[in-house]
Amino acid sequence: MQRLMEGHKKFLAEVFPRRRDEFHLLAESQAPEWLFITCSDSRIVPDLILGTGPGDLFITRNAGNVVPVAGNDVDGCTATIEYAVEVLRVKHAILCGHSDCGAMKAALDRRGLEKLPKASRWLQHVEAAFSHRQPLNPEDGPHAELASLIRGNVVAQLLNLRAQPSVARAMMEGRLAVHGWYYEILSGRIERYDEDAHRFVPLVEG
Ligand SMILES: [Zn+2]
């Protein structure tokens with residue numbers, strides 16, 4: 001805990017005073033433009049890779065960046081999506097998977113799940129990834145099979161996201177766009193799913 005306490009001390013002494021006005025504006029309301037749905041993995045730091053900060057991204061995270069199917073019983077992810085779309089009126093919903101995802105590794109190789117009854121049940125939500133596997137990419141080297149499944153999971157969860165009633169309604173009204181991303185930890189690069197071409201392409205050039 002020491003490291004976190006030191007970190008917070010530093011924030012109070014160095015960061016907060018410089019950004020006091022920004023926090024003052026944010027203290028009583030938020031108006032984020034983006035809903036960001038990603039994995040709980042510690043290596044994904046959205047504000048770091050996207051250049052965003054307080055008030056920008058409304059975030060929900062879980063193992064495997066899952067959006068449970070619309071008919072599923074209530075869960076934190078879909079409740080968060082509904083609030084973001086209906087109340088905060090975000091303009092974009094981004095579903096972001098990532099390389100070396102532990103949840104997808106477990107889905108691929110089911111060993112070790114007997115001690116994890118909750119995680120094991122949760123992983124049923126990623127089964128659809130298997131039917132949306134993406135072509136193997138030689139650049140992914142020995143991890144190509146896993147990466148193809150992870151990208152497939154982005155496609156599968158994107159379909160679930162679109163099927164959420166609040167999302168479907170907002171898209172029909174033309175006030176919400178949805179996006180599927182794949183973040184590669186090794187290179188730092190993000191790919192986006194091109195829904196017309198049915199393939200992943202770089203989010204930015206260069
Ligand atoms: Zn993950």
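Mentor: A nonpolar core is a set of buried Ala, Val, Leu, Ile, Met, Phe, Trp, Tyr and Cys residues joined through side-chain atoms within 4.5 Å; buried means under 20% relative accessible area, exposed over 50%, and partly exposed in between, with a 1.4 Å probe and protein chains only. The model is predicted, so local features need pLDDT of at least 70 and side-chain atom pairs pLDDT 80 or more, whereas totals for chains, interfaces and linings use all residues. Residues are numbered from 1 along each chain as its sequence is written, and side-chain values use heavy atoms, without hydrogens or water.

Trainee: Which residues of the largest nonpolar core touch the most other members?

Mentor: Among its 45 residues, they are Leu 35, Ile 37, Ile 81, Met 104, Leu 161 and Leu 176. Helix H7 supplies the largest share, eight residues. Helices (H or I, at least four residues) and strands (E, at least two) are DSSP runs, numbered from the N terminus.

Trainee: What is Leu 161 in contact with, leaving aside neighbours within four places in sequence?

Mentor: Contact means heavy atoms within 4.5 Å. By that criterion the partners of Leu 161 are Ile 37, Val 67, Ile 81, Ala 93, Leu 95, Val 167 and Val 178.

Trainee: Why are strands E2 and E6 said to stand at the edges?

Mentor: Two strands pair if DSSP finds at least two bridges between them. The open, mixed sheet has the order E2-E1-E3-E4-E5-E6. E2 (57–62) and E6 (199–202) each have a single partner strand, so one side of each lacks a neighbour in the sheet.

Trainee: What makes E3 and E4 a pair?

Mentor: Seven bridges join E3 (residues 92–98) to E4 (residues 177–183), and the two run parallel. The requirement is at least two bridges, so they qualify as a pair. One of the bridges links His 98 to Tyr 183.

Trainee: What makes Cys 39, His 98 and Cys 101 donor residues of the zinc ion?

Mentor: Donors are N, O and S atoms within 2.8 Å of the metal (3.2 Å for Na, K and Ca); water is not among the atoms, so sites may look incomplete. Cys 39 (SG), His 98 (NE2) and Cys 101 (SG) lie at 2.0 to 2.3 Å, so they satisfy the limit. Cys 39 in strand E1 and His 98 in strand E3 are 59 residues apart, and both are buried.

Trainee: Why are the buried residues of H4 placed on the same side of that helix?

Mentor: Those residues are Cys 77, Thr 78, Thr 80, Ile 81, Ala 84 and Val 85. The arc is that of the directions from the helix axis to the C-beta atoms. Here the arc is only 155°, which puts them on the same side of H4. They pack against E1, E2, H7 and H8.
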